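Subject: Structure for you to look at

Dear colleague,

I am passing on a structure that you have not worked with before, and below it I set out what was found in it. Please keep the view open while you read, so that each residue can be looked up as it comes.

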Amino acid sequence: MSIRFFLCAGIALLAACGPAKQEQALAARRAEQLRPADARLAALYERSCLNCHARADSGAPLTGQPEAWGLRSARGLPALVQSAKQGLGAMPAMGLCADCSDVDLRDLITFMQSPSP
Ligand code: HEC
């Protein structure tokens, strides 16, 4: 192993990670701008879901990016509502929206996994 190998490997890694990180940051900035059309739902979203689902480093699928939701969406809305209610991984139960109804969660999730306009 030469120092050249490590140098090249390092540069290759940087080249691969740099744009991906930038892309993530950009995606999060786009997600931050999005709100549900309904004012009451937007208020619920702002004080709970937004705090993770529009942050690149939260590990949460970003709002307005169906690619990020991919396989999750494929499991269907009822399954997603169920995991939001129970919590999943780093997401606390109810996504920190204690007063969200099942319908609110369903509408929030529908909004979050839809492509941004
Ligand atoms: C504290 C951060 C946080 C908050 C607040 C939050 N989420 Fe999440 N959410 C996450 C993370 C992290 C994941 C990915 C969990 C995993 O797959 O391990 C996730 C995943 C999800 C999923 C996918 C679940 C699945 O089965 O794959 C749904 C649906 C969801 N969140 C809905 C919501 C809704 C609706 C709100 C607001 C009411 C919300 N989240 C608030 C962090 C959060």
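Please bear in mind throughout that this is a predicted model.

The overall fold

The secondary structure of the protein chain amounts to 6 helices and 0 strands, and from the N terminus on its elements run α-α-α-α-α-α. Of the 117 residues in the protein chain, 32% are buried.

The iron site

A good place to begin is the ligand, whose iron atom takes its protein donors from His53, through NE2, and from Met91, through SD, both lying 2.0 to 2.2 Å from the iron. The pair ties together parts that are 38 residues apart in sequence, because His53 belongs to helix α3 (residues 50-53) whereas Met91 sits in the loop between α5 (77-86) and α6 (102-113). Around the iron atom of the ligand there are 6 donor atoms, and the arrangement is octahedral because the angles they subtend run from 85 to 179°. As for the two protein donors themselves, His53 has a relative accessibility of 8% and therefore counts as buried, the limit being under 20%, while Met91, at 25% relative accessibility, counts as partly exposed.

The largest pocket

Both of these residues come up again in the largest pocket, which holds about 500 Å³ of space and is lined by 27 residues, those nearest its centre being His53, Ala60, Pro61, Leu88 and Met91. The elements that contribute two or more residues to this lining are α3, α4 (66-74), α5 and α6, and the largest share, 4 residues, is given by α6. Sorted by class, the lining of the largest pocket is made up of 18 nonpolar, 7 polar and 2 charged residues.

Salt bridges

Side chains of opposite charge can pair when their charged atoms come close. In this model the count of salt bridges comes to 7, and I describe some of them here.

One of them joins Arg55 to Glu32, with the closest N and O atoms 3.2 Å apart. This pair links distant parts of the chain, since Arg55 is placed in the loop between α3 and α4 and Glu32 in helix α1 (residues 3-33), with their positions 23 residues apart in sequence. Arg55 counts as partly exposed at 31% relative accessibility, and Glu32 likewise counts as partly exposed, at 34%.

Another salt bridge brings together the side chains of Arg40 and Asp104, at 2.6 Å from N to O. Here too distant parts of the chain are linked, with Arg40 in helix α2 (residues 39-47) and Asp104 in helix α6, 64 residues apart. Asp104 has a relative accessibility of 6%, so this residue counts as buried.

There is also a salt bridge between Arg106 and Asp107, whose closest N and O atoms are 3.1 Å apart. Arg106 is partly exposed, with a relative accessible area of 38%, and Asp107 is partly exposed as well, with a relative accessible area of 28%.

Individual residues in the loops

Where does Cys49 lie? Cys49 is found in the loop between α2 and α3, and at 11% relative accessibility this residue counts as buried. Although Cys49 and Leu108 are 59 residues apart in sequence, the distance between them in space, C-alpha to C-alpha, is 8.4 Å.

The loop between α5 and α6, which holds Met91, deserves a second look for its backbone. Met94 is found in this loop and has a phi near 65°, a positive value in a residue other than glycine. Leu96, also placed in the loop between α5 and α6, is not a glycine either, yet has a positive phi of about 70°. Are these two residues buried or exposed? Met94 is buried, because its relative accessible area of 18% falls under the limit of 20%, whereas Leu96 is exposed, because its relative accessible area of 59% is over 50%.

If you would like a place to start, I suggest opening the view on the iron atom of the ligand with its protein donors His53 and Met91, and then moving on to the lining of the largest pocket, where His53 and Met91 are among the residues nearest the centre.

With best wishes

Terms used:
Residues numbered from 1 in each chain as written. Predicted model: local features only at pLDDT ≥ 70, side-chain atom pairs only at ≥ 80, totals over all residues. Heavy atoms only, no water. Donors = N, O, S within 2.8 Å, 3.2 Å for Na, K, Ca; no water. Tetrahedral: all angles 85-135°; square planar, octahedral: opposite > 155°, others 65-115°. Buried < 20%, exposed > 50% of the residue type's maximum accessible area, 1.4 Å probe, protein only. 1 Å grid on protein atoms, 1.4 Å probe; cavity = no way out; pocket = protein on both sides within 12 Å on 5 of 7 lines; lining within 4 Å. Points joined across faces, edges and corners; volume = space filled by probe spheres on them. Nonpolar A, V, L, I, M, F, W, Y, C, P; charged D, E, K, R; others polar. Salt bridge = Lys/Arg side-chain N within 4 Å of Asp/Glu carboxyl O.
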